[in-house]
Amino acid sequence: MSGSDARTGIEVRARDGIAEVMIDFPPVNALPARGWGDLARALTAAGEDPGVRAVILAARGRGFCAGVDIKEMQATARTKPAHGHDALVAASRGCFAAFAAVYECAVPVIAAVQGFCLGGGVGLAGNADIVIAASDATFGLPEVDRGALGAATHLARLVPQHLMRAMVYTCATVTAGQLLEFGSVLRVVPPGELHDAARAVAGEIAAKNPAVIRLAKQSLNGIDPVDVRRSYRYEQGFTYELTLEGAGDQARQAFVDGAGRAGPQ
């Protein structure tokens, strides 16, 4: 398995039983609606490949993922009023599919996280089997400031319950070092060593009996106390409610107009 598509920013390469799925949407890896669907399909296909025994989900650039492309949503709302929420709906569906594809991938998924991991990035990392992080990695949900809700389901897999709530309300971030203390990050390494560290862990898994590893993934999902698909879908409903009430559009437009220029989306 090997391939890339410059239009989508998703690249897949496989060798030695390890598939690497790479996100590349400059400047901050904020995925457009189509990108989330492409990512979901790439992850699913990697897991279905009988030659793949582990998947690494990584990204190029200064950050792992800054979530959805808010500018795409607001541009659609302005230029195509009759289809003003099409991009929001498509992004919501795409996020749901991509997060589920990480969780349901037939083989273990290792998220290799550098820089910022925000919004949808937390959805991806939180649903991964293993997280390896660079020492500069930070994790957070800016959703409240963007007039949206969602991915607390996945943040709750990374941090304790009360910290998760505080992070949602305040939009504060945590460091890779903090997650290492919680046990939700396996290793923290210098940024230049992230790729090799992820491949080392993936290689350990790939050396195991593939039939056992695939059933191990299935069995671990089966004993999870929270149904991540249903839980996240429940959260998404509140984003639609905020949009219908006007608060969602106001917050997103404020971001586009400059409120969020100081940092990634």
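The largest cavity in this predicted model has a volume of about 360 Å³. Its lining is made of 25 residues, and V68, M73, E143, A148 and L149 are the ones closest to its centre. If you want to trace the walls, look at β6 (67–68), α2 (70–79), α3 (86–104) and α10, each of which supplies at least two lining residues. The biggest share comes from α3, which gives 5 residues. By class, you'll find 14 nonpolar, 8 polar and 3 charged residues around the largest cavity.

How many cavities of 30 Å³ or more are there? The count comes to 2. The second largest cavity holds about 40 Å³ of space, and its lining is short enough to read out: F96, F99, A100, N127, H154, V228, R229 and Y232. Here α3 turns up again, along with α10, each with at least two residues in the lining. Sorted by class, the lining of this second cavity has 5 nonpolar, 2 polar and 1 charged residues.

Now for the open spaces. The largest pocket contains about 480 Å³ of space. It is lined by 25 residues, with G126, A128, D129, R157 and D224 the closest to its centre. Four elements each put at least two residues into this lining: α4 (120–127), β9 (130–134), α9 (210–222) and α10 (228–245). The lining splits into 14 nonpolar, 7 polar and 4 charged residues.

Next comes the second largest pocket, at about 400 Å³. Of the 16 residues that line it, A152, T153, M164, V168 and E235 lie nearest its centre. Two or more lining residues come from each of α5 (152–155), α6 (161–170) and α10, and α6 gives the most, with 5 residues. In terms of chemistry, 9 of the lining residues are nonpolar, 4 polar and 3 charged.

From the gaps, let's turn to the packing. The largest nonpolar core has 53 residues, and L39, V55, L57, L124 and F139 have the most contacts inside it. V55 is a handy place to stand and look around: beyond its neighbours within four places in sequence, V55 is in contact with A19, V21, L43, A46, C105, V107, P108, V109 and I110. There is also a second, separate core of 18 residues, which includes I56, A134, L194 and V201.

One polar residue deserves a stop of its own. N29 sits in the loop between β3 (18–23) and β4 (30–31). Is N29 buried or exposed? N29 counts as buried because its relative accessible area is 3%, below the 20% cut-off. So what do the polar atoms of its side chain face? One partner is the backbone nitrogen of F25, which lies 2.6 Å from a polar atom of the N29 side chain. Another is the backbone oxygen of R60, 2.7 Å from a polar atom of that side chain. Leaving aside neighbours within four places in sequence, N29 is in contact with I23, D24, A59, R60, G63, F64, C65, A66 and G67. G67 brings us back to where we began, as β6 (67–68) is among the elements that supply at least two residues of the lining of the largest cavity.

Terms used:
Residues are numbered from 1 along each chain as its sequence is written. This is a predicted model: local features need pLDDT of at least 70, side-chain atom pairs count only at pLDDT 80 or more; totals for chains, interfaces and linings use all residues. Side-chain values use heavy atoms; hydrogens and water are left out. On a 1 Å grid over the protein atoms alone, a cavity is a set of points where a 1.4 Å probe fits but cannot get out, and a pocket is an open set with protein on both sides within 12 Å along at least five of seven lines; lining residues have an atom within 4 Å of a point. Grid points are joined across faces, edges and corners, and a volume is the space filled by probe spheres set on the points. Ala, Val, Leu, Ile, Met, Phe, Trp, Tyr, Cys and Pro count as nonpolar, Asp, Glu, Lys and Arg as charged, and the others, Gly among them, as polar. A nonpolar core is a set of buried Ala, Val, Leu, Ile, Met, Phe, Trp, Tyr and Cys residues joined through side-chain atoms within 4.5 Å. Buried means under 20% relative accessible area, exposed over 50%, partly exposed in between (1.4 Å probe, protein chains only). Contact means heavy atoms within 4.5 Å. A polar contact is a pair of N or O atoms within 3.5 Å; within protein, one must be able to donate a hydrogen and the other to accept it, and residues adjacent in sequence count only if both atoms are side-chain atoms.
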